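User: Hi! I have a model open and would like to talk through its fold with you. Shall we take a look together?
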Amino acid sequence: GWLWYAIILLPVIGIIQSGEQAMADRYHYLPSIGIAVMLAWGIPHLFSREDIRTKILFPMGVVFIAILSFITWHQCGYWKNNTTLFSHALQITNNNALAHNLLASSLAEENKINEVIYHCNAAIRLSPYYADAYNNRGNAYAKLGQNQRSIEDYNKAIALKSGYADAYNNRGGAYFKLGQYQLAVENFNEALFLKPDYADAYNNLAIVYFQQGYKELGCFDARKACALGVCKILEAVKVKGYCR
């Protein structure tokens, strides 16, 4: 039981990494099997009399399971959604740049842009080389219409993280909003070079081409995007008689 517990515990406590996190308590059920083995084989040796097991151990076991059930129910509440989960992570940890950035991503889905910027700023303050935090903050500025500020953040993200297709795609979107179509096309193409099955980049590239009047190029990329699962622009231009 001890060997099972100690060995399987390694990926949980971070000695052997299983992701970006330092520890992963969600895997604790695996090493807990070792504890169960110890209890199952150890308790009979400690309490050899059967009447003691019946009168003491059984009620204690019931109470113990009830307590664990309550704690489990309480803990499950933190997993209600991403916002609840990462807010709790920030409450019980210090200087957690990852939690700040993940909470920012969740808040972005709720369109709470000012809070997104706050948590991205916190993540960047704690980890100045955190490319994803710059990318998230750039997205927030883009939603506020502050496209030049968003481009500055995308530039930083691209400089910090090699081959960052999402940041190139996002920067292309910002250039498009500023009317700088050639720069937008270059960024979308770079995103596709890094990630050839990037449906959103094909979709965005199609939009730029249609905006410039290049219907044939736009239809080509719109079909590519649709083949990869993003058909919005293709359906829209078909209504106008394009891409038959």
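User: How do the elements of the protein run from the N terminus on?

Analyst: Happy to help, and do keep in mind that this is a predicted model. The protein has 14 helices and zero strands. From the N terminus on, the elements therefore read simply, given that helices and strands are DSSP runs: α-α-α-α-α-α-α-α-α-α-α-α-α-α.

User: What radius of gyration does the protein have, next to that of a compact globule of 244 residues?

Analyst: The C-alpha atoms fill a box of roughly 90 × 40 × 30 Å along the principal axes. A compact globule of 244 residues would come near 18 Å, but the radius of gyration of the protein is 26 Å.

User: What share of the 244 residues counts as buried?

Analyst: The cut-off to use here is a relative accessible area under 20%. The protein exposes about 15300 Å², with carbon and sulfur atoms supplying 60% of that area. Of the 244 residues, the buried share is 33%.

User: Is Asn95, with its positive phi, buried or exposed?

Analyst: Most residues other than glycine have a negative phi. Asn95, however, has a phi near 55 degrees, and this residue sits in the loop between helix H5 (82–92) and helix H6 (97–109). The relative accessible area of Asn95 is 64%, so the residue is exposed.

User: Which loop holds Asn111?

Analyst: Asn111 is not a glycine, yet its phi is positive, at about 65 degrees. Asn111 is also exposed, with a relative accessible area of 54%. Its place is the loop between H6 and helix H7 (113–126).

Terms used. Residues are numbered from 1 along each chain as its sequence is written. This is a predicted model: local features need pLDDT of at least 70, side-chain atom pairs count only at pLDDT 80 or more; totals for chains, interfaces and linings use all residues. Side-chain values use heavy atoms; hydrogens and water are left out. Helices (H or I, at least four residues) and strands (E, at least two) are DSSP runs, numbered from the N terminus. The radius of gyration is taken over C-alpha atoms; the globule rule is 2.2 Å times the number of residues to the power 0.38. Buried means under 20% relative accessible area, exposed over 50%, partly exposed in between (1.4 Å probe, protein chains only). Accessible areas come from the Shrake-Rupley method with a 1.4 Å probe; for residues, only the protein chains shown count as cover.
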